[in-house]
Structures are given as C-alpha cells and as structure tokens.
Amino acid sequence: MLEKKDGWFGVNVKDADWSARDGFGMCADFERAGRFPQTGVRIFLLEPEKPNCRYHRESSQEDFLVLSGSCKMLVNGEEFPLRVWDYFHCPAGVTHVLVGGSAPCAVLAIGDRPDKPELFYAFDETAARYNAQTPEETTDPKIAYADLPS
C-alpha cells in the first residue's frame with residue numbers, strides 16, 4: 001500500500017477492507033483512511049443469483065462497471081443483463097439493484113456523496129424474486145435490513 005499523510009493513498013484490491021454479509025456477497029471498501037467526502041468507491045463480488053444490497057433509489061447518481069463475470073441490473077422493475085466491461089449509469093431517483101449471474105461476478109461501483117443523502121427502499125416483484133426486496137417500503141436502512149441477521 002502506498003500512503004501519505006496529506007490524504008492521498010493507493011491500495012491493491014486484495015489489501016482493501018473486505019466485508020461480507022449473508023445473502024449479499026462481499027464488498028471491498030477503500031475508505032480505510034476515513035470516508036471519502038465526495039465519491040464512494042467499492043467493488044462488489046456478487047454470488048450467483050444474489051443481490052448486492054436491497055432494491056432502492058437514491059438522491060445521487062451511481063455508476064457500475066462489470067469487471068468479471070455477468071450479472072443482472074434490476075432497474076425500475078425491469079431486468080437487464082450485464083457482461084464484462086458493460087457500464088451502467090444510474091441517475092438520481094432510479095430504483096435499482098445488482099444481482100449476480102450464474103457464477104461469481106465483480107462490479108466496480110462509484111457514487112456521489114451528497115451532504116444529505118436520501119434513500120428509498122422500494123418493494124418490487126422483480127426484486128422479490130431475487131430476495132432483494134425490503135420487508136416494507138421505507139427510507140430507513142435499519143428497517144430495510146431488519147429481517148437479516150446482524
């Protein structure tokens with residue numbers, strides 16, 4: 001890892017802070033020196049047929065690039081296949097979630113960090129088929145994930 005005291009750093013993906021959550025695969029978080037104030041950057045390692053999170057929309061944009069494998073992007077109730085090197089731009093207000101394909105899939109996710117983020121976790125039949133739905137529609141992440149082990 002390359003690191004300096006004035007805020008910049010470099011890290012290899014294998015040395016990033018990886019976390020796992022039952023049913024949602026793994027996530028590499030690069031913000032070991034503290035939360036980035038303007039942009040969030042993560043790599044999701046999606047398990048086959050599993051979502052990366054709950055079906056939601058945000059008040060800011062996100063961008064996704066498939067690095068390996070294939071997955072599905074559920075967007076506003078529709079399902080779209082994504083393959084290696086496919087890029088998906090998700091403007092603010094678009095309800096979405098990624099779901100792994102038939103084998104593990106790695107996806108780079110980059111998102112804006114607004115001062116006052118707004119989230120809405122929506123229920124959708126397409127998302128429900130992949131266990132990406134929330135127990136109830138809500139703006140509270142604690143409620144959206146309340147049915148999962150902590």
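A residue is called buried here when its relative accessible area is under 20%, and Cys71, with a relative accessible area of 3%, is therefore buried. Keep in mind throughout the tour that this is a predicted model.

**Cysteines**

Begin by selecting the cysteines: a search of the whole structure finds 0 disulfides. Cys71 takes part in no disulfide, and the nearest cysteine sulfur, that of Cys105, is 4.0 Å away; because a disulfide requires two cysteine sulfur atoms within 2.5 Å, a separation of 4.0 Å does not qualify. Move next to Cys53, which is likewise in no disulfide, its nearest cysteine sulfur being that of Cys27 at 9.9 Å. Cys53 counts as buried, at 13% relative accessibility.

**Strand 10 and its partner**

Now select strand 10, residues 87-90, and follow how its side chains alternate. Phe88 and Cys90 point to one face and are buried, while Tyr87 and His89 point to the other face and are not. With strand 7 (residues 62-68) added to the selection, the two strands can be seen to pair in the antiparallel sense over 4 bridges. Within this pairing, Phe88 in strand 10 is the bridge partner of Phe64.

**Aromatic rings**

Which residues form an aromatic cluster that is worth displaying together? Select Phe24, Tyr121 and Tyr145, which form one such cluster. The count of aromatic pairs comes to 3. One of these pairs is Tyr121 with Tyr145, an edge-to-face arrangement in which the ring centres lie 5.9 Å apart and the planes stand at 85 degrees. This pair links distant parts of the chain, since Tyr121 belongs to strand 13 (residues 119-121) and Tyr145 to the segment after helix 2, 24 residues apart. Both tyrosines, Tyr121 and Tyr145, are buried.

**Salt bridges**

Turn then to the charged side chains, where a search of the whole structure finds 5 salt bridges, three of which are visited here. Select Arg129 and Glu79, whose closest N and O atoms are 2.9 Å apart in a salt bridge. Arg129 lies in the loop between helix 1 (125-128) and helix 2 (141-144), whereas Glu79 lies in strand 9 (residues 78-82), so the pair ties together parts that are 50 residues apart in sequence. Arg129 counts as exposed at 56% relative accessibility, while Glu79 is partly exposed, with a relative accessible area of 32%.

The next selection is Arg42 with Asp29, whose side chains meet in a salt bridge at 3.7 Å, N to O. Here Arg42 sits in strand 5 (residues 39-46) and Asp29 in strand 4 (residues 26-29), so that parts 13 residues apart in sequence are tied together. Both ends of this bridge are partly exposed, Arg42 at 31% relative accessibility and Asp29 at 22%.

Finally among the salt bridges, select Lys14 and Asp15, whose side chains meet at 3.5 Å, N to O. Are these two residues buried, partly exposed or exposed? Lys14 counts as exposed, at 63% relative accessibility, whereas Asp15 counts as partly exposed, at 34%.

**A nonpolar patch**

End the tour on the surface by selecting Val13, Trp18, Met26 and Leu45, which together make a nonpolar patch of about 290 Å². Within this group, Trp18 lies in strand 3 (residues 17-20) and counts as partly exposed, at 31% relative accessibility. Because a residue enters a patch only with over 30% relative accessible area, the 31% of Trp18 satisfies that cut-off.

How values were computed:
Residues are numbered from 1 along each chain as its sequence is written. This is a predicted model: local features need pLDDT of at least 70, side-chain atom pairs count only at pLDDT 80 or more; totals for chains, interfaces and linings use all residues. Side-chain values use heavy atoms; hydrogens and water are left out. A salt bridge is a side-chain nitrogen of Lys or Arg within 4 Å of a carboxyl oxygen of Asp or Glu. Buried means under 20% relative accessible area, exposed over 50%, partly exposed in between (1.4 Å probe, protein chains only). Patches are made of residues with over 30% relative accessible area and no salt bridge: like charges are joined within 9 Å, nonpolar side chains (Val, Leu, Ile, Met, Phe, Trp, Tyr) within 5 Å. Accessible areas come from the Shrake-Rupley method with a 1.4 Å probe; for residues, only the protein chains shown count as cover. Two strands pair if DSSP finds at least two bridges between them. Rings of Phe, Tyr and Trp (its six-membered ring) pair if their centres lie within 6.5 Å; planes under 30 degrees apart count as stacked, over 60 as edge-to-face and the rest as tilted.
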